[in-house]
Each structure stands twice: as C-alpha cells, then as structure tokens.
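This report walks through selected contacts and surfaces of one protein chain. Please keep the structure open while reading.

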Amino acid sequence: MLAGIAYDREETNYETSEGAAKLAEAGNALAQVPTVILPDGTVMTESAALVLYIDGLVPDLGLVPAVRDPLRREFLRWLMFLVAAVYPTFTYGDEPAKWTPEGAEELRQSTDDHRKSLWRLVEGAVRGPWFLGERPSALDLYVSVMTRWRPRREWFADACPRLYKIAVAVDEDARLAGVWATNFR
C-alpha cells in the first residue's frame, strides 16, 4: 500500500496441514507468513528482510533511514530486536503445548511476562513522537501491528504510553485502512 508496489494477495492458513504444505511447496519450508513470491519466482520470508528489500525498491518512501543517516543504526538495532527478541515470544508462547506437553501454561505465562519486559525496553528507546523522532519509519508500522497482539493495546496504554501513541497514530493513516480491515477484523 504505502510503497505503491502492485501485488496479489492470497490467504493461506499456515496453521493447517494443507496451508503449511502449500507454503512449503512455494519454497517456504517453515510455513511462515508473510511469504512473498517475487515476479522472478524468488521466495522471500522474514518481515525485516521484506522491509529492507522494499526500501531498496522505493527508498524515497523513507520508511528506512538512508545509509548515511545516523538514525539508520538505531533503526537497524530496533528492527532486529523486534524480530529476534519479541517475535520469538509469540512463537513459543502462542502454542506452548507444541514445545512442551507438560508445563504449557507455565511457558505461556513466562513468555508473556518476558514479552512485557522487552516492550518496556523498547518503550525506553522511543525518541517521540515517532519511534525514531520527528519522522515515521517502518518501526512505527511494527509497533502498530504488534501492539494488537498480546498483551494488547490496553496494556500498552498503561505500561508503554509512547508506544501506544505511536500505534494509534499509525492506525489513523488513511493509506493503511485497507490493511487493518483485511488483517485485523
């Protein structure tokens, strides 16, 4: 939407064996979403890789600070933190019985608690009014999406108000209304 790149969207339920098989056949053995198949047939996964790839195609969009911009270091640091530290808490906490037949409740609770401590670290990095300061970046998009997941927006409003304000501001971007309507019904 924001980048103005034409695409076709196909919904696949990765949680079913049929959906996972379909993604594996497409070249995504881990059945991750999003799975993007580029015009030349290359399969891309990993949201951070996709953000950086799109920035290379449409650098004027400004969702990633330019290579020589000092904010790029902070951008890369926190982008990787979100995908390497926060995302895994969902991997293990969303389906704890998949990882441990006994102790699933404990794993769910411990990953939820750990996630909250990670979000408090992220909150401390916000330069405001956007994550990196005066202009929005892809980090703000991540915040808007990820604050919709556990522990959800109400918790962020109380515990991480700067992240909450960013999420609400991104929600109000009319260019993203279709994304929110399609993905968060």
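Which residues are linked in a network of salt bridges? They are D94, R108, D112, R115 and R150. The model behind this is a predicted one. In total, the structure holds eleven salt bridges.

**Salt bridges**

Three pairs are listed here, with the closest N and O atoms or the N to O distance.

| Pair | N to O distance | Relative accessible area |
|---|---|---|
| R150 and D94 | 2.9 Å | R150 18%, D94 39% |
| R115 and D112 | 2.9 Å | R115 0%, D112 14% |
| D171 and R153 | 2.6 Å | D171 24%, R153 15% |

Take R150 and D94, which form a salt bridge. This pair links distant parts of the chain, with the two positions 56 residues apart in numbering. R150 sits in the loop between α6 and α7 (152–159), while D94 sits in the loop between α3 and α4 (96–99). R150 counts as buried because its relative accessibility is 18%, under the 20% limit. D94 is partly exposed, at 39%.

D171 and R153 also meet through their side chains in a salt bridge. That pair again links distant parts of the chain: D171 belongs to helix α8 (residues 161–171), R153 to helix α7, and they are 18 residues apart. D171 is partly exposed, whereas R153 is buried.

**R115 and its surroundings**

Is R115 buried or exposed? Its relative accessibility is 0%, so R115 counts as buried. R115 lies in helix α5 (residues 104–125). Its salt-bridge partner D112 lies in α5 too, three residues away, about one turn of the helix. An α-helix has 3.6 residues a turn, so residues three or four places apart point the same way. D112 is buried as well, with a relative accessible area of 14%.

What else does the R115 side chain reach? It comes to 3.4 Å from the backbone oxygen of R150. R150 thus appears twice in this account: as the salt-bridge partner of D94, and through its backbone oxygen beside R115. Setting aside neighbours within four places in sequence, R115 is in contact with V86, T89, F90, R150 and P151.

**Helix α2**

Helix α2 spans residues 47–57. Its buried residues are S47, A48, L50, V51 and D55. They lie on the same side of α2, because they cover an arc of only 160° around the axis. Which elements cover them? The cover includes β1 (36–37), β2 (43–44), α3 (71–93) and α6 (138–146).

I54 is in α2 as well. At 31% relative accessibility, it counts as partly exposed. I54 joins I5, Y53 and L57 in a nonpolar surface patch of about 320 Å².

**E10, before the first helix**

E10 is found in the segment before α1 (17–25). E10 counts as exposed because its relative accessibility is 54%, over the 50% limit. How far apart are the C-alpha atoms of E10 and T35? They are separated by 9.9 Å, with the two residues 25 apart along the chain.

Technical notes. Residues numbered from 1 in each chain as written. Predicted model: local features only at pLDDT ≥ 70, side-chain atom pairs only at ≥ 80, totals over all residues. Heavy atoms only, no water. Buried < 20%, exposed > 50% of the residue type's maximum accessible area, 1.4 Å probe, protein only. Helix = DSSP H or I, 4+ residues; strand = E, 2+ residues; numbered from the N terminus. Arc of directions from axis to C-beta. Contact = heavy atoms within 4.5 Å. Patch = residues over 30% accessible without salt bridge, like charges linked within 9 Å, V, L, I, M, F, W, Y side chains within 5 Å. Areas by Shrake-Rupley, 256 points an atom, 1.4 Å probe, with all protein chains shown as cover. Salt bridge = Lys/Arg side-chain N within 4 Å of Asp/Glu carboxyl O. Polar contact = N/O pair within 3.5 Å; in protein donor to acceptor, adjacent residues only side chain to side chain.
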